[in-house]
Amino acid sequence: MNAVTTREAETRPATEPQPAQRRRAVQPDADILTSPEGVELRIDVPGVAEKNIDIRLEKNLLTVKAVRETPSTENYRSWIAESGAHDYECAYRLGFQADPEKILARCKHGVLTILVPRAESDQPKKIAVTSD
């Protein structure tokens with residue numbers, strides 16, 4: 001494969017066709033914050049549309065799959081294609097019983113935030129102490 005300098009890339013077309021892009025799955029960067037009420041996950045999914053995110057909770061395993069689509073380039077030929085189309089996949093085993101009906105998720109500026117509250121039955125309970 002011939003190396004193409006930046007200057008050459010600006011002035012002449014690529015001489016070799018680009019290899020077909022293969023979809024690959026990567027584990028996204030994430031921050032996980034815990035509290036007695038549950039857990040908050042902040043997962044980086046840049047370039048992913050809300051409709052392409054799938055979140056599931058099954059037996060205390062929270063899975064996240066997201067697909068980043070690449071824009072159409074039918075009228076162009078790629079000089080460089082570093083980012084490509086790929087999927088994000090990650091799974092987190094929760095150390096508590098979650099309340100699936102109260103899980104909230106939102107995606108803003110490429111960061112998916114998922115709030116997973118503990119089920120009422122799994123909340124810490126204060127036990128009163130009495131004297132005889």
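1. Salt bridges, to begin with: this is a predicted model, and the count in it comes to three salt bridges. Side chains of opposite charge can pair when their charged atoms come close. The cut-off here is a side-chain nitrogen of Lys or Arg within 4 Å of a carboxyl oxygen of Asp or Glu. The pair Asp-99 and Lys-102 meets it with an N to O distance of 3.9 Å. Asp-99 is buried, at a relative accessible area of 16%, whereas Lys-102 is partly exposed at 48%.

2. Now the other two pairs. Glu-40 bridges to Arg-42, and their closest N and O atoms are 2.8 Å apart. Glu-40 has a relative accessible area of 22%, so it counts as partly exposed; Arg-42 is partly exposed too, with 36%. Arg-56 and Asp-54 join through their side chains, again with 2.8 Å from N to O. Asp-54 is partly exposed, with 29% relative accessibility.

3. On to the sheet. Four strands make up an open sheet, and reading across you get β2-β3-β8-β7, with antiparallel pairing. The edges are β2 (30–35) and β7 (104–108); each has a single partner strand, so one side of each is left without a neighbour in the sheet. If you ignore direction, neighbouring strands in this sheet are turned by 10° against each other on average.

4. A closer look at one edge of that sheet. β2 pairs with β3 (residues 38–44) in the antiparallel sense, and six bridges link the two. To get your bearings in the register, find Ile-32: its bridge partner in β3 is Leu-41. Leu-41 turns up again in the core, where it is listed among the residues with the most contacts.

5. There is also a hairpin to check. β4 (53–58) and β5 (61–68) flank the loop that holds Lys-59. The two strands run antiparallel and are joined by six bridges, with Leu-57 standing opposite Leu-62 of β5. Two residues lie between the strands of this hairpin.

6. Which residue in the turn of the β4 and β5 hairpin has a positive phi? That would be Lys-59, with phi near 50° although the residue is not a glycine. Lys-59 has 75% relative accessibility and so counts as exposed, the threshold being over 50%.

7. His-109 is worth a glance as well. This residue sits in the loop between β7 and β8 (111–117). Phi is positive here too, at about 55°, and His-109 is not a glycine either. At 75% relative accessibility, His-109 is exposed.

8. Last, the inside. The largest nonpolar core contains 18 residues, and those with the most contacts within it are Leu-41, Ile-43, Val-45, Leu-112, Ile-114 and Val-116. At least two residues of this core come from each of β3, β5, β6 (86–93) and β8.

9. If you want one residue to centre your view on, try Ile-114. Leaving out residues up to four places away in sequence, Ile-114 touches Val-39, Glu-40, Leu-41, Ile-43, Ile-55, Leu-62, Val-64, Ile-103, Leu-104 and Ala-105. Some of these have come up already: Glu-40 is the salt-bridge partner of Arg-42, and Leu-62 is the residue opposite Leu-57.

Definitions and conventions. Residues are numbered from 1 along each chain as its sequence is written. This is a predicted model: local features need pLDDT of at least 70, side-chain atom pairs count only at pLDDT 80 or more; totals for chains, interfaces and linings use all residues. Side-chain values use heavy atoms; hydrogens and water are left out. Two strands pair if DSSP finds at least two bridges between them. Axes are lines fitted to C-alpha atoms, for helices over the stretch in contact, and angles run from 0 to 180 degrees between N-to-C directions. Buried means under 20% relative accessible area, exposed over 50%, partly exposed in between (1.4 Å probe, protein chains only). A nonpolar core is a set of buried Ala, Val, Leu, Ile, Met, Phe, Trp, Tyr and Cys residues joined through side-chain atoms within 4.5 Å. Contact means heavy atoms within 4.5 Å.
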